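Work through the exercises below with the sequence and the model side by side. Try each task before reading its solution.

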Amino acid sequence: MLKRAICALIATTLCGAVCAASAEADLAPVLQAEARGSKPIVDTTGRSYYMVDLVEDAQLAFSDSRSVRGQDRFHERHSRRARNMVEWYEQTYGFEYEEMTSYVGNSFSAHLTEGQVRRLQEDPYVVAISEVETGEFSGPPWYDTTISTSVSPYYETHPWGRNAVNGKQSTNSRRVYVLDAGVGYHADLQNVVSRVNASCGTNNMGCDGRSPVGCYPHATHVAGIIGAAYRNKGVAGVNAGAKILSVSFLTDTAYPTTCARPQDQYGNKFFNSASVATAMDWVKWDIILNSRTAAGIVNLSWNSTAFKPGETLQLKMTSLAKPNYSGGYVYPGAFITHSAGNQFQSACNVAFGYTGGVPLSSDGIMVVGAIDSSGAPVVRPSSGYGFVNMPYAGNEYGSNYGSCVEVWAPGKSLLSTWGPMVGFSSTDSSTWQMQSVTYDNYVPLSGTSMAAPHIAAVAAYLAETRGLVSPGEIETAVRSLFYQTGRVDSAGLPVNLVRLP
């Protein structure tokens with residue numbers, strides 16, 4: 001454990017020196033801004049958007065008193081020490097923070113000049129400076145068939161061709177956090193117990209009325225796979241009726257007042273690694289408050305190179321998964337399912353990565369690849385597209401594969417809950433999922449976004465019915481249901497499926 005002296009603090013002031021002299025040499029920050037295939041997010045003055053990660057106990061060096069500038073601009077979940085920490089960095093280096101975390105690690109994001117980046121690299125408490133990255137959902141809305149509201153009656157579709165978890169029911173006491181674009185209102189999803197936008201704090205205060213439901217119904221589809229209710233219509237989720245907590249990580253460009261704004265020249269798709277980090281931080285805070293005796297279940301169907309080993313989201317996901325029973329708070333951890341991505345390449349490039357590319361069997365994090373209806377991994381065909389023949393996003397070819405994929409689940413042509421009965425366009429408001437409309441529509445989508453929530457649903461069922469309390473216990477239970485199909489993925493590795501309990 002790193003040893004450093006903590007500043008002597010006066011109760012009404014911020015720490016002025018951050019104990020610079022006591023930092024050790026191995027705390028030198030790593031600037032992770034090498035070319036990643038995506039251009040940086042730049043503001044109108046030419047400053048790039050960065051996330052700055054600090055040492056684990058950084059906030060302890062700051063006062064617990066209320067600052068002179070006031071605290072209302074910070075999310076109430078953060079301690080005064082954490083707020084004063086970020087404020088000190090703002091005042092010292094001359095920027096305004098945009099996002100911050102204090103539960104999944106101490107960090108903040110801001111648009112910075114090159115000079116500010118160089119100065120922060122010399123700060124003894126800074127351990128990494130990463131360019132904030134845009135990314136993509138792992139299941140764009142691709143269609144196999146045309147679904148019409150005139151077709152009557154609907155017959156309920158069951159994922160995996162099974163009546164939910166083999167027809168078994170639970171009391172659905174375990175909540176599943178869907179970190180995504182905001183689950184919309186749907187007749188099959190009355191079991192969504194809460195909707196928040198992580199950047200806005202409790203009840204979305206401080207976001208100028210920003211809704212926790214975004215325009216894009218991706219999260220609505222994911223939530224339906226997990227827990228759509230039995231209604232003899234549309235679909236039933238793998239763990240039908242499971243309690244779902246929707247946590248949106250969208251930025252303010254993704255809401256109906258501005259949703260029509262085209263993505264910017266750098267491909268900013270309304271969410272980025274800083275907003276996802278904030279969502280992870282909110283989930284950890286919520287679990288500490290509301291679920292101290294049992295691990296949470298989290299699904300994340302979003303990909304970026306920021307999940308590589310040592311990158312900021314990999315570090316934060318590790319913190320979100322890992323239990324903690326010391327340091328003044330009780331945290332049971334979280335079991336996390338993460339989509340492998342759809343670029344038909346090694347999942348280690350864009351999904352949660354492990355040093356050496358070898359997954360751990362009990363860390364509570366599982367990367368999920370996509371299979372088709374025959375049980376085979378979805379692969380890139382000799383021509384056309386890998387999942388279905390009408391992609392919304394043009395370069396998605398097949399499920400990612402390789403050593404970072406731990407389990408596979410259905411990911412081609414999955415019927416689930418949706419908003420409007422049309423495709424999605426950021427410039428056509430008729431395709432937007434409205435904030436206050438309750439829909440009763442269903443569409444088939446494909447992608448590893450659709451595969452990951454299958455495993456999250458099974459994990460929630462196992463956690464509840466078997467009384468499992470830690471992420472490791474939940475992962476062990478999921479792995480106990482593995483069986484090998486005899487097939488291999490494009491890297492030659494065996495395909496593990498889960499036999500429903």
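The exercises go from the whole chain to single strands, and end with confidence.

This is a predicted model, in which local features need pLDDT of at least 70, side-chain atom pairs count only at pLDDT 80 or more, and totals for chains, interfaces and linings use all residues. Residues are numbered from 1 along each chain as its sequence is written, and side-chain values use heavy atoms, with hydrogens and water left out.

**Exercise 1.** State how many helices and strands the protein chain has, and what share of its residues is buried.

Solution. Step 1: helices (H or I, at least four residues) and strands (E, at least two) are DSSP runs, numbered from the N terminus. The protein chain has seven helices and 20 strands. Step 2: buried means under 20% relative accessible area, exposed over 50%, and partly exposed in between (1.4 Å probe, protein chains only). Of the 501 residues, 60% are buried.

**Exercise 2.** Describe the open sheet of seven strands and find its edges.

Solution. Step 1: two strands pair if DSSP finds at least two bridges between them. The order is β9-β10-β7-β11-β13-β14-β15, with parallel pairing. Step 2: β9 (192-197) and β15 (407-410) each have a single partner strand, so one side of each lacks a neighbour in the sheet. Step 3: inside the sheet, β11 (residues 296-300) is joined to β13 by five bridges, and Asn299 stands opposite Thr337 in β13. Step 4: helix α7 (residues 471-479) lies across β11, β13 and β14 (365-371), at about 50° to β13. Contact means heavy atoms within 4.5 Å; axes are lines fitted to C-alpha atoms, for helices over the stretch in contact, and angles run from 0 to 180 degrees between N-to-C directions.

**Exercise 3.** Examine the hairpin of β19 and β20, and explain why β20 counts as largely enclosed.

Solution. Step 1: β19 (residues 482-488) and β20 pair in the antiparallel sense over four bridges. Tyr483 stands opposite Leu497 in β20. Step 2: five residues lie between the strands, and Gly492 takes a positive phi near 85° in this hairpin. Step 3: four of the five residues of β20 (residues 494-498) are buried, so the rest of the structure largely encloses this strand.

**Exercise 4.** Which element has the lowest mean pLDDT, and which the highest?

Solution. Step 1: pLDDT is the predictor's confidence in each residue, from 0 to 100. The chain mean is 79, and 76% of residues reach 70 or more. Step 2: strand β1 (residues 30-32) has the lowest mean, 42, and β13 (residues 334-339) the highest, 98. Step 3: pLDDT stays under 50 over residues 140-154. Where pLDDT is low, the predicted coordinates should not be read in detail.
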